[in-house]
Amino acid sequence: MNLYGTELPVIHLKPGEIYIAEMPVVISTVLGSCLAVTMFNRRFRIGAICHVMLPRCRCKDNCGDDITKCIYEKKRSSGSCQDIYRYVDCSIYNMLKRFEIFGVERDDIEIKLFGGADSFLSCNESRMGMTVGKQNIEKALKIIEAERLILHASDIGGALGRKIFFYAHTGEVFLKRLEKTDEECIKE
């Protein structure tokens, strides 16, 4: 990618991954029902992004109310914490904790939210129900509100997937909506 005449490394973020960047980099990912949450601090020029698949980690049941204990100890007794970055709650709290370690105040974090499409419904599902995409969006918005964070931008829901490019050193996100295939639903 060429930004302002310089070549930047491009990293492709896969589902269930998180990336914290202290150096200039472009992070791309493709989203359907999954969600990407970006965080950026202008003062330190630190960016973070996650690509989450499901709304809630079951690990919290094992860790009590201290989700950071689950994140940092990566408790595996029940096997539910093996892939903590697949989950909206664990990923957002982990990103917030990392920003806290850098000395970033919560009100100095720009948060953006992308994805959560109903792009892969089965023929028996209705767009009116609580699909995975809608659950991911709902969980992220609840955490953002509960933590008194400010959502600076979002492009969520709908039926189309998205490809995003996150410039970790500027906080900019460029988005392309993906075209729908001929199939309206997945036949079971």
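Here are some short exercises on this predicted model, each with a worked solution.

**Exercise 1. Trace the open sheet of four strands: what is its strand order, and which strands lie at the edges?**

Step 1. Begin with the order, which reads β3-β5-β10-β11, and note that the pairing is mixed.

Step 2. Look for strands that pair on one side only: these are β3 (10-12) and β11 (173-177), the edge strands.

Step 3. Add the geometry: from one strand to the next, the twist averages 20°.

**Exercise 2. Take a closer look at β3 and β5: in which sense do they pair, parallel or antiparallel?**

Step 1. Recall that strands of a sheet pair through backbone hydrogen bonds, in either a parallel or an antiparallel sense.

Step 2. For β3 and β5 (residues 26-31), the sense is parallel, and the pairing runs over three bridges.

Step 3. To find one bridge on your screen, go to H12, whose bridge partner in β5 is S28.

**Exercise 3. Check the length of α3: what should its 14 residues span, and what is the distance between its end C-alpha atoms?**

Step 1. The expected span is 1.5 Å times one less than the number of residues.

Step 2. For the 14 residues of α3, that rise gives 20 Å.

Step 3. The end C-alpha atoms of α3 are 20 Å apart, so the two values agree.

Step 4. Now see what comes after the helix: α3 is followed by G103, which has a positive phi, near 90°.

**Exercise 4. Explore the largest nonpolar core: which residues touch the most other members, and which element gives the most?**

Step 1. Among the 27 residues of this core, V37, M39 and I92 touch the most other members.

Step 2. Turn to the elements: β6 (35-41), β7 (46-52), α3 (88-101), β8 (110-115) and α4 (132-146) each supply at least two residues.

Step 3. The most comes from α3, which gives six residues.

Step 4. Follow I92 beyond its neighbours within four places in sequence, and you find contacts with V37, M39, A140 and I143.

Step 5. Keep this core apart from a second, separate one of 13 residues, which includes A21, C34, F114 and I164.

**Exercise 5. Describe how α3 and α4 pack: at what angle do their axes cross, and is the crossing left-handed or right-handed?**

Step 1. The two axes come within 9 Å and cross at roughly 35°.

Step 2. The crossing of α3 and α4 is right-handed.

Step 3. List the contact residues: V88, D89, I92 and Y93 come from α3, and N136, K139, A140 and I143 from α4.

Step 4. Compare this with burial in α3, where the buried residues include V88, D89 and I92.

Conventions:
Residues numbered from 1 in each chain as written. Predicted model: local features only at pLDDT ≥ 70, side-chain atom pairs only at ≥ 80, totals over all residues. Heavy atoms only, no water. Pairing = 2+ DSSP bridges. Axes fitted to C-alpha atoms, helices over the stretch in contact; angles between N-to-C directions. Core = buried A, V, L, I, M, F, W, Y, C linked by side-chain atoms within 4.5 Å. Buried < 20%, exposed > 50% of the residue type's maximum accessible area, 1.4 Å probe, protein only. Contact = heavy atoms within 4.5 Å. Left-handed = near helix turned anticlockwise from the far one by under 90°.
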